[in-house]
Amino acid sequence: MTSPDFLTDPATVRVLSPDGTFAPSPAAERYLPLIEALEDAELERLYRDMAVIRAFDQQATLLQRQGQLALWPPSFGQEAAQVGSAHAARPQDHVFPSYREHAVARVRGVDPIGIIRLMRGISHGGWNPWEERNGNTHIYTLVLGSQTLHATGFGMGLNFDGKTGSGDADKDEAVIVYYGDGASSEGDVHEAMVFAASYKSPTVFFLQNNQWAISVPVATQASAPFAARAAGYGIDSVRIDGNDVLASYAVARTALDEARDGRGPRAIEAVTYRRGAHTTSDDPTKYRTKDEEALWAERDPIARMRAYLLARGASEQFFADVDAEGEAVSADLRERIVTLDAPVPQSMFAHVYSEPHPLVDEQRRWLADYEASFEEGTA
Ligand SMILES: Cc1ncc(C[n+]2csc(CCOP(=O)(O)OP(=O)(O)O)c2C)c(N)n1
């Protein structure tokens with residue numbers, strides 16, 4: 001588990017304390033103008049996005065239990081890190097998610113049925129990143145860390161195309177890439193950081209340190225804060241309280257603006273907690289304690305923002321409307337999921353190579369024979 005000094009470390013950017021009080025840490029001072037510029041409607045939007053995606057996430061978990069999905073990776077507990085950083089990105093920026101970034105996808109405009117289609121096994125992607133309504137959100141990556149290379153290379157391309165550093169923040173483009181504490185041990189992430197630093201790729205490395213890589217605790221991945229590791233590559237790096245949506249927004253906004261402006265990559269370590277299972281195939285009671293779960297429940301990102309908004313005078317009606325929207329999104333999901341096809345196993349061979357390939361043909365034939373053997377067995 002992340003060392004206890006995290007809550008009191010003055011170098012960690014935190015704006016709201018776990019009980020929702022506005023109490024910026026020393027490191028948060030430089031970001032306060034960005035937060036003070038947020039209007040009530042924008043603050044409420046941050047809360048709304050977190051609460052609605054949580055409802056969707058819980059519904060998807062239930063639907064997996066009912067056999068509608070092969071697998072579900074819950075985003076439960078990580079909503080602040082995701083919603084804050086996604087709102088920090090400008091429309092022209094590019095987003096490279098891992099496989100748990102449901103809140104990011106929502107903020108960028110992706111129809112959640114695309115995520116559902118992927119997790120049902122009927123699509124290799126789920127949505128087209130180049131369609132405008134998808135907000136330049138690239139498809140989920142299940143191979144740990146590889147998306148950091150894609151994001152770095154994409155950012156290098158932006159530089160070559162002259163799409164950075166003109167000084168026009170409404171026109172220049174940047175990239176944000178999401179990955180986890182476990183993924184940070186992959187060579188890909190390190191190679192990506194070397195290239196990003198050397199070529200000043202306008203890429204923000206956004207690490208959600210949710211304390212666990214399935215059953216492996218974060219202490220096994222890193223003996224020092226991840227933020228220090230990125231700094232070792234020459235990348236400006238900041239550690240934030242990842243359950244504070246305001247900290248996530250302001251730090252990511254600053255990092256993206258700097259990257260877009262041609263000042264090279266930036267890194268953010270968002271310290272958060274995966275409150276659910278790693279996926280629906282996992283049983284976290286086998287490796288973590290009730291005490292630990294209770295400790296992080298007290299630091300829940302949505303409860304924190306709710307308390308802050310209530311203290312600012314948000315109405316009961318507002319919270320009721322948000323709950324109703326969460327239920328509407330869940331109902332829509334329940335209705336649409338039953339209209340989706342069943343997975344077609346043969347489709348897994350469709351996009352391996354653009355040209356026919358003898359090994360893939362052989363595997364396709366093997367699978368067809370294997371499936372046919374069941375029919376013969378029952379005849
Ligand atoms: C290259 C690679 N190795 C192993 C796996 C199997 N795997 C899937 S998720 C996971 C743990 C990832 O943990 P972390 O990066 O902390 O992300 P989190 O799931 O906690 O969000 C592992 C080992 C994989 N998908 N890809």
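What covers the buried residues of H5? I opened the predicted model with that in mind. The cover includes H2, helix H4 (102-108) and helix H13 (316-337).

**Entry: helix H5**

I went through H5, residues 113-120, one residue at a time. Seven of its eight residues are buried, so the helix is largely enclosed by the rest of the structure. I listed the buried ones: Ile113, Gly114, Ile115, Ile116, Leu118, Met119 and Arg120. An arginine is on that list, at position 120. Then I checked what follows the helix. Glycine 121 comes just after H5 and has a positive phi of about 90°.

**Entry: helix H7**

Next I looked up H7, residues 187-198. It holds 12 residues and spans 17 Å from its first C-alpha to its last. The expected value at 1.5 Å a residue is 16 Å, and the span is close to that. Which residues of H7 are buried? I found Val189, Ala192, Met193 and Ala196. Viewed down the axis of H7, the buried residues fall within an arc of 100°, so they line one face of the helix. The spacing fits a general rule. An α-helix has 3.6 residues a turn, so residues three or four places apart point the same way.

I also noted what packs over that face. Helix H6 (146-160) and helix H9 (226-232) are among the elements that cover the buried residues of H7. Strand S2 (175-180) and strand S3 (203-209) are also included. Just after H7, lysine 200 takes a positive phi, here about 50°.

**Entry: the ligand**

I turned to the ligand. There are 15 residues around it. Which of them come nearest? They are Tyr99, Arg100, Leu142, Gly182 and Ala183. I then went after N and O distances. The side chain of arginine 100 has an N or O atom 2.7 Å from an oxygen atom of the ligand. For alanine 183 a backbone N or O atom is involved, 2.7 Å from a ligand oxygen. Leucine 142 also uses a backbone N or O atom, and this one lies 2.8 Å from a nitrogen atom of the ligand. Taken alone, the ligand exposes 590 Å², and the protein buries 70% of that.

**Entry: two arginines**

I compared arginine 65 with arginine 288. Is arginine 65 buried or exposed? Its relative accessible area is 55%, so it counts as exposed. It sits in helix H2, residues 40-65. Its side chain reaches the backbone oxygen of threonine 280 at 3.1 Å. I also took one long distance: the C-alpha atoms of arginine 65 and valine 216 are separated by 25 Å. Those two residues are 151 apart along the chain.

Arginine 288 is in the loop between strand S7 (266-271) and helix H11 (290-297). Its relative accessible area is 6%, so I logged it as buried. Its side chain makes a polar contact with the side chain of glutamate 293, at 2.8 Å. Leaving aside neighbours within four places in sequence, I found arginine 288 in contact with Trp212, Tyr273, Arg274, Arg275, Gly276 and Glu293.

**Entry: threonine 220**

Last, I looked up threonine 220. It is in helix H8, residues 218-221. Its relative accessibility is 56%, so it counts as exposed. How far is its C-alpha from that of tyrosine 199? The two atoms are separated by 31 Å, with the residues 21 apart along the chain.

Definitions and conventions: Residues are numbered from 1 along each chain as its sequence is written. This is a predicted model: local features need pLDDT of at least 70, side-chain atom pairs count only at pLDDT 80 or more; totals for chains, interfaces and linings use all residues. Side-chain values use heavy atoms; hydrogens and water are left out. Helices (H or I, at least four residues) and strands (E, at least two) are DSSP runs, numbered from the N terminus. The expected span of a helix is 1.5 Å times one less than its number of residues. Buried means under 20% relative accessible area, exposed over 50%, partly exposed in between (1.4 Å probe, protein chains only). The arc is that of the directions from the helix axis to the C-beta atoms. Contact means heavy atoms within 4.5 Å. A residue is near a molecule or strand if one of its heavy atoms lies within 4 Å of it. A polar contact is a pair of N or O atoms within 3.5 Å; within protein, one must be able to donate a hydrogen and the other to accept it, and residues adjacent in sequence count only if both atoms are side-chain atoms. Accessible areas come from the Shrake-Rupley method with a 1.4 Å probe; for residues, only the protein chains shown count as cover.
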